[in-house]
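User: I've got a few labels here that I'd like to see justified, one by one. Can you walk me through them once the structure is up?

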Amino acid sequence: MPSSGVQDTQPVLELRGITKIFGPVVANKDVDFDLKAGEIHALVGENGAGKTTLMRILYGMYQPDGGTIVMDGRPVGFKKPMDAINHGIGMVHQHFMLVPGFTVAENVTLGAEPRRNGFFDHAAANDSLVEPMKRLGISLDPETVTGTLNVATQQKLEIIKVLYRGAKIIILDEPTAVLTPQETEELFVLLKTLANDGSSVIFISHKLREVFAVADRITVLRNGQTIQTFNAAQTDAASVVAAMTGRTDVNLGRVERTEPTDGTVLEVKGLETGKHGADAALKSISFSVRPGEVLGIAGVEGNGQSTLAETLIGIQPLDAGFIRLRDVELGGLNVAERRSKGLSYVAEDRHLEGIPLNGTVLEGISAGLIRRDSSPVGLGLAFPRTVRHWSTHMIKKYSIKTSGPGAKCSTLSGGNQQKIVMARELEDKPDCIILAQPTRGVDLGAIEFLYNQVAEATAAGCAVVLISADMDEILRLSDRVLVMYGGSIVAEQQTDATSREELGMYMVGAQTMKVGK
Amino acid sequence: MSMNTPLKTVPQSKHSEVHSTASFARSLAKRIGPGVFTLAVGLVLAVTLIQAQGYQPLPTILAGLDYAIGDAPSIARTLAWGLPLFVATMGVALAYRSGMFNIGAEGQIYAGAMAAALTGAYIGPMFTGLHLFLCLAVSALTGGAVAAGLGWLRAVWNVDEVLSTLLSNYIIMLFCAYLATAPLRDPARQSGTTKAVHETAMFSELIPQTQLTSALFVVIVLCAATWWLSERSVTGYRWRMTGESSAFAAAVGINVRRSRIGSMTVSGALCGIAGALLVTASQGRFWTEIGTGIGWDAVLLAMIARARPLSAVVWVLVYSVMRSAARGIEQVSTVPSELSLILISGIIIAATARAGLFSRVAELKKILIRSEGK
Ligand SMILES: Nc1ncnc2c1ncn2[C@@H]1O[C@H](COP(=O)(O)OP(=O)(O)OP(=O)(O)O)[C@@H](O)[C@H]1O
Ligand SMILES: [Mg+2]
């Protein structure tokens with residue numbers, strides 16, 4: 001249930017008629033938004049609706065082209081984030097801004113370090129953490145090196161940092177995109193604690209389940225404009241979806257798919273790998289995927305799913321076992337060779353592996369076409385007219401919101417960046433596709449569209465390995481689910497014969513079943 | 001004034017559709033802005049330095065410019081000096097684009113110069129075209145082999161190319177100096193030079209008394225080819241993506257190792273050819289000081305141009321004029337010709353500060369290393 005610390009008083013913050021224009025794109029158009037003391041206010045809308053832009057304006061990162069920010073009845077102007085911080089506004093970015101080599105205390109106080117005789121005052125820094133941690137009801141050792149903390153804890157650290165700087169208004173841009181369901185729950189408890197204390201929270205998410213679990217009010221943006229502000233208790237998901245998309249027929253449930261057919265497209269047996277980075281090593285992984293089947297792989301992140309994806313596509317070496325795609329052994333092949341045998345891959349970290357962030361949309365989306373150029377020296381034109389036309393067509397087909405194929409990938413909103421990746425990989429017409437977190441940060445209308453594209457691919461016989469931390473995604477799209485824990489498969493279920501709760505038990509290792517033949 | 005004009009055409013890859021004249025003007029301003037800014041910084045620096053020496057800045061600068069580009073022979077002289085630098089800068093830029101910091105340009109230039117001098121002196125005489133082609137080809141192979149080795153160390157063993165290329169400079173230059181002073185020394189000369197190359201291994205002068213030779217055409221072709229390779233071709237795409245994000249490149253099936261080694265090889269080959277031009281279009285033989293630091297200039301110019309071939313060409317032009325003007329200023333005043341070096345360093349710092357182009361602290365370190373290397 002939503003927290004109920006809201007006072008029916010003057011708003012602490014009002015955005016009036018905010019407009020922001022980027023070249024040809026109007027990101028915010030006359031947007032109104034207000035925030036009361038002690039409320040959690042969700043900001044929702046499709047990809048590119050202008051949520052992040054609005055919050056960056058509020059945080060002083062962008063200057064508005066029109067409109068005013070009013071705090072406690074007085075108009076204010078923020079030239080830089082420091083101005084916003086001085087007015088008690090804090091923002092937790094989707095990409096954390098922590099220094100991995102610093103300790104918790106150093107990171108929290110960074111930029112506003114307590115000093116004694118001109119030197120960093122360790123004791124004071126450690127002490128200054130006590131108060132915000134007490135408010136949040138969490139405890140962390142101030143001397144821990146930040147890089148060793150997991151993502152969820154780092155996020156809490158960001159919140160502590162914001163509180164340390166005296167924030168009364170806390171902005172969280174898609175904070176749950178990187179969290180497991182359990183971690184999300186913990187975050188919500190924390191946010192409610194803050195709200196009950198009289199702070200205000202602005203919360204951005206694409207998952208309505210979360211929005212309704214935590215928000216007091218919900219403001220919907222569409223195409224850069226405010227559509228409506230709802231009282232969460234007096235509305236339902238359908239109305240919010242309708243306001244977001246302008247449609248009433250958005251499917252939020254199971255995706256309609258054709259039945260898988262007999263045979264085997266992908267067969268994996270006895271896969272073993274070493275440990276790479278933070279993820280678990282694979283221990284004797286075996287499974288197979290039929291033509292037209294979607295095999296979901298659920299699990300709390302860090303239990304080997306990333307290693308599995310990267311081993312399948314060939315970025316990481318395998319120590320033992322084999323991977324067969326339609327009787328072709330892939331084990332000894334490199335990424336390009338595996339791809340030309342019919343394997344396709346949507347990487348989980350889109351900024352790192354999915355797109356060239358500083359490259360153009362054209363460069364990102366046409367990588368698959370260019371890979372097919374097999375001339376030994378490759379002196380031919382990379383982007384002939386046909387490729388350019390194709391990319392323009394793809395931008396339309398996948399409704400990627402951008403000024404054109406020449407736009408830099410980094411100027412696209414998160415969800416639209418993801419559509420580039422999905423378009424590139426699905427249009428490769430693969431026999432088998434590995435989808436790792438395919439719709440992270442994607443809005444629900446676009447998710448429906450992407451799922452339909454996946455369904456279309458499976459109808460044509462494509463086998464899909466769907467690795468996702470999002471339980472809804474697994475339940476909506478897959479035929480069969482495997483659960484990974486500690487680098488092994490601990491459970492196998494038909495999707496229609498299982499539940500969120502049951503999978504959750506396997507995911508945390510509370511239960512295992514005998515799997516594999 | 002004349003310094004500003006070339007910048008109007010700083011062309012960068014522009015795929016984006018332009019929507020209105022207003023936004024066109026804005027994007028144009030955005031593109032030219034940094035160049036104008038850095039040049040303005042350079043100008044202010046020059047004025048201050050000349051003033052500090054007790055001369056009137058404007059007349060002095062104008063006299064210098066007159067020396068550099070006052071009439072056709074001056075322009076030809078200025079251009080002639082710049083020819084090897086164009087090729088070397090293109091080479092270094094090409095490696096940057098794939099994320100390889102080839103600061104071994106100077107050494108590769110020496111290697112190329114030595115290779116050309118030997119091919120020119122010990123093989124032939126023969127038909128000029130063939131002899132020149134042979135000289136350039138052997139130089140390209142030599143420079144390419146050196147850089148390929150260094151690229152291989154990085155790609156396979158992950159040996160930091162900044163260190164390895166830097167060190168390779170000293171090894172190669174010392175080795176060449178050894179060759180030129182001991183086994184391959186021209187006995188007719190006292191100092192460390194090799195035998196003069198045959199006449200057939202020399203480019204012919206286009207304009208008498210200016211040293212501007214038909215090597216100009218070779219340079220134009222090489223610049224155009226490098227631009228195509230880097231910005232338009234399939235291979236260039238693979239190299240650029242590798243430099244942009246090697247994780248992305250690996251995930252879409254680009255062979256990252258091959259890109260790194262390949263771009264380093266071509267980069268080294270271009271530097272080798274630059275060295276060959278020092279011999280075959282100017283000096284006629286190898287001597288121990290033949291490079292005069294153009295490899296380091298190339299490293300810096302490629303950096304200012306952000307590794308874009310077209311802006312690299314523009315910057316080499318600007319730099320050649322600056323160098324030449326500084327020499328002219330030296331003749332009419334006591335301002336030392338090192339002025340151009342101070343200017344270019346100032347410009348680099350301005351450019352770096354302005355766009356925050358190089359987040360890696362390492363890059364700044366390299367600037368320091370460079371001034372020590374001088
Ligand atoms: N720096 C920028 N330069 C150019 N265009 C931009 C820039 N930042 C945002 N845009 C454009 O403004 C629009 C709004 O983007 P914004 O990031 O605010 O969307 P969003 O609602 O946060 O979307 P998402 O849910 O995908 O994160 C998009 O069309 C985007 O391409
Ligand atoms: Mg956003």
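User: Why is A:Arg326 called partly exposed?

Analyst: This is a predicted model, and in it A:Arg326 has a relative accessibility of 41%. Buried needs under 20% and exposed needs over 50%. A value of 41% sits in between, so A:Arg326 counts as partly exposed. As for where to look, A:Arg326 is in the loop between β16 (320–325) and β17 (328–329) of chain A.

User: What makes the phi of A:Arg326 worth a remark?

Analyst: Its sign and the residue type: phi of A:Arg326 is near 45 degrees, which is positive, and the residue is not a glycine. Chain B has an example too: B:Gln211, also not a glycine, has a positive phi of about 70 degrees. B:Gln211 is in the loop between β1 (205–207) and β2 (212–213) of chain B.

User: And B:Gln211, how do you know whether it is buried, partly exposed or exposed?

Analyst: Its relative accessible area is 46%. The upper cut-off is over 50% for exposed, and the lower one is under 20% for buried. B:Gln211 meets neither, so it's partly exposed.

User: What label does A:Thr402 get, and why?

Analyst: A:Thr402 comes out at 21% relative accessible area. Buried means under 20%, so A:Thr402 is called partly exposed. It lies in the loop between α14 (385–397) and α15 (414–426) of chain A. Neighbours within four places in sequence aside, A:Thr402 is in contact with A:Val361, A:Ile395, A:Ala407 and A:Leu412.

User: Now B:Ala140: why is it called buried?

Analyst: With a relative accessible area of 15%, B:Ala140 falls under the 20% cut-off, so buried is the right word. B:Ala140 is part of helix α5 (residues 128–157) of chain B. Outside four places in sequence, B:Ala140 is in contact with B:Ala269 and B:Ile273. The C-alpha atoms of B:Ala140 and B:Ile273 are 5.3 Å apart in space, although 133 residues separate the two in sequence.

User: Staying with that helix, what makes α5(B) and α6(B) roughly antiparallel?

Analyst: The angle does. α5(B) and helix α6 (residues 161–181) of chain B pack at about 150 degrees, with their axes 10 Å apart. Anything over 145 degrees counts as roughly antiparallel, so the pair gets that label. The contact involves B:Val146, B:Leu150 and B:Arg154 from α5(B), and B:Glu161, B:Ser164, B:Thr165, B:Ser168 and B:Ile172 from α6(B). By class, that's 3 nonpolar, 3 polar and 2 charged residues. The crossing of α5(B) past α6(B) is right-handed.

User: Why are α2(B) and α12(B) called oblique instead?

Analyst: Helix α2 (residues 57–69) and helix α12 (residues 309–332) of chain B cross at roughly 120 degrees, their axes coming within 7 Å. The roughly perpendicular range is 65 to 115 degrees, and roughly antiparallel starts over 145. The crossing angle fits neither, so α2(B) and α12(B) are oblique to each other. Here too the crossing is right-handed. The contact has 10 nonpolar, 5 polar and 1 charged residues. Among them are B:Ile61 and B:Leu65 in α2(B), and B:Val321 and B:Ile329 in α12(B).

User: Over in chain A, what makes α1(A) largely enclosed?

Analyst: The count of buried residues: 6 of the 8 residues of helix α1 (residues 51–58) of chain A are buried, so the rest of the structure largely encloses the helix. The buried residues are A:Lys51, A:Thr53, A:Leu54, A:Met55, A:Ile57 and A:Leu58. Just after α1(A), A:Gly60 has a positive phi of about 80 degrees.

User: How do you know that the buried residues of α18(A) are on the same side of the helix?

Analyst: In helix α18 (residues 500–507) of chain A, the buried residues are A:Leu503, A:Gly504, A:Tyr506 and A:Met507. They span an arc of only 160 degrees around the axis, so they're on the same side of α18(A). What do they pack against? The partners are β15 (294–298), α17 (471–477), β21 (480–485) and β22 (488–494) of chain A. Just after α18(A), A:Gly509 takes a positive phi of about 80 degrees.

Methods. Residues are numbered from 1 along each chain as its sequence is written. Chains are lettered from A and ligands numbered from 1 in the order in which they are written. This is a predicted model: local features need pLDDT of at least 70, side-chain atom pairs count only at pLDDT 80 or more; totals for chains, interfaces and linings use all residues. Side-chain values use heavy atoms; hydrogens and water are left out. Buried means under 20% relative accessible area, exposed over 50%, partly exposed in between (1.4 Å probe, protein chains only). Helices (H or I, at least four residues) and strands (E, at least two) are DSSP runs, numbered from the N terminus. The arc is that of the directions from the helix axis to the C-beta atoms. Contact means heavy atoms within 4.5 Å. Axes are lines fitted to C-alpha atoms, for helices over the stretch in contact, and angles run from 0 to 180 degrees between N-to-C directions. Angles under 35 degrees count as roughly parallel, over 145 as roughly antiparallel, 65 to 115 as roughly perpendicular and the rest as oblique. A crossing is left-handed if the near helix is turned anticlockwise from the far one by less than a right angle, and right-handed if clockwise. Ala, Val, Leu, Ile, Met, Phe, Trp, Tyr, Cys and Pro count as nonpolar, Asp, Glu, Lys and Arg as charged, and the others, Gly among them, as polar.
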